[in-house]
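Visitor: I have a structure open at the bench and would like to go through its interior and its strand pairing step by step. Could you take my questions in turn?

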Amino acid sequence: MFNFNNNPKLIYDNIKELLSEGVINRKHAFHTPVFSNINNNFVASRIVVLRKFDSDNMSINFHTDYRSPKIKNLNKNTNSKFIFYDTKLKLQLRIKTISKINNQNNITKEAWENTKLISRKCYLTEKSPSSESELPQDGIPLSLVGIEPTKKESEKGYKNFAVIQNSILEIDWLYLNFKGHRRLKIKLENNNASFKWLIP
């Protein structure tokens, strides 16, 4: 059973450790959470890759194409949510966030410089994500099919590159165990955390 000693502060510290590990370890369960936002009064969800966790400001980042529908939706409604789940730990996090879009600024410039060429290739599609197509294809130019772009070629994709910063408002921590489930709500205000136990 998870050794949290009924101490919310220990749980909070462990959450931050897990999110940090999720950024750097591609095999970690927290590396690919589900991100949800509002699309015309419906919930839209998809898997994203966790690219950064800022424990000082309690925010989490992922990258996306600036032309994707989620950008338009987030411009209308910044409320969003992440779901993380680790099957081995039997641990679920539901994280309520406010999203901010970054495109062609200092934040995206820094992230772009640290993005591998194979990942930059995703932003070189000739049509925007979710565009209809008569054929099954990924939209990458034929000259780049099956190969990495050069750094010079990849720079064409920078205008399409966006970093979504998500400021954490609340974390719903759920631990599942046959000896007794545990659930904790963590609210953040000005980076100060308050804790409340909930019935799972």
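The questions and answers below concern the cores, strands, aromatic pairs and backbone angles of this model.

Visitor: Which element gives the largest share of the largest nonpolar core?
Guide: This is a predicted model, and its largest nonpolar core has 30 residues, with F84, I171 and W173 having the most contacts inside it. Two or more residues come from each of α1 (8–24), β4 (59–65), α2 (69–76), β5 (79–86), β6 (91–103), β7 (161–175) and β8 (182–189). The largest share, six residues, is given by β7.

Visitor: How many residues are in the other core, which lies apart from it?
Guide: In general, nonpolar side chains of soluble globular proteins tend to be buried together. Here another core lies apart from the largest one, and A111, W112, Y123 and F161 are among its members. The number of residues in this other core is six.

Visitor: What is the bridge partner of I95 in β7?
Guide: The strands β6 and β7 are antiparallel and pair over 13 bridges. The residue in β7 that is the bridge partner of I95 also has, leaving aside neighbours within four places in sequence, contacts with Y12, I15, M58, L93, R94, I95, L184, K185 and I186. That partner is I171.

Visitor: Which residue of β6 stands opposite I83?
Guide: The strands β5 and β6 run antiparallel and are joined by eight bridges. Their hairpin has four residues between the strands, and K90 takes a positive phi near 55° in it. Opposite I83, in β6, stands R94.

Visitor: Is M58 buried or exposed, and what is its relative accessible area?
Guide: M58 is placed in the loop between β3 (52–54) and β4, and M58 has a positive phi of about 50° although it is not a glycine. Most residues other than glycine have a negative phi. Since buried means under 20% relative accessible area, M58 counts as buried, its value being 2%.

Visitor: What is the relative accessible area of Q104, which also has a positive phi?
Guide: Q104 is found in the loop between β6 and α3 (106–113), and its phi is near 55°, positive in a residue other than glycine. Partly exposed covers the range between the 20% and 50% limits, so Q104 is partly exposed, with a relative accessible area of 48%.

Visitor: What kind of aromatic pair do W112 and Y123 form?
Guide: The count of aromatic pairs comes to 11, one of which is the stacked pair of F82 and F84, at 6.1 Å centre to centre with 20° between the planes. W112, in helix α3, and Y123, in the loop between α4 (117–120) and α5 (151–154), are 11 residues apart, and their pair links distant parts of the chain. Both W112 and Y123 are buried. Their ring centres are 6.1 Å apart and their planes are at 70°, and because planes over 60 degrees apart count this way, the pair is edge-to-face.

Visitor: Which residues form one aromatic cluster that includes F82 and F84?
Guide: F82 and F84 are both buried. The cluster that they belong to is formed by F30, F35, F62, F82 and F84.

Visitor: With which side chain does the side chain of N102 make a polar contact?
Guide: N102 is a residue of strand β6, and it is buried, with a relative accessible area of 2%. Leaving aside neighbours within four places in sequence, N102 is in contact with I107, T108, F161, A162, V163 and Q165. The polar contact of its side chain, at 2.9 Å, is with the side chain of N105.

Notes. Residues numbered from 1 in each chain as written. Predicted model: local features only at pLDDT ≥ 70, side-chain atom pairs only at ≥ 80, totals over all residues. Heavy atoms only, no water. Core = buried A, V, L, I, M, F, W, Y, C linked by side-chain atoms within 4.5 Å. Buried < 20%, exposed > 50% of the residue type's maximum accessible area, 1.4 Å probe, protein only. Contact = heavy atoms within 4.5 Å. Phe/Tyr/Trp six-rings, centres within 6.5 Å; stacked < 30°, edge-to-face > 60°. Polar contact = N/O pair within 3.5 Å; in protein donor to acceptor, adjacent residues only side chain to side chain. Pairing = 2+ DSSP bridges.
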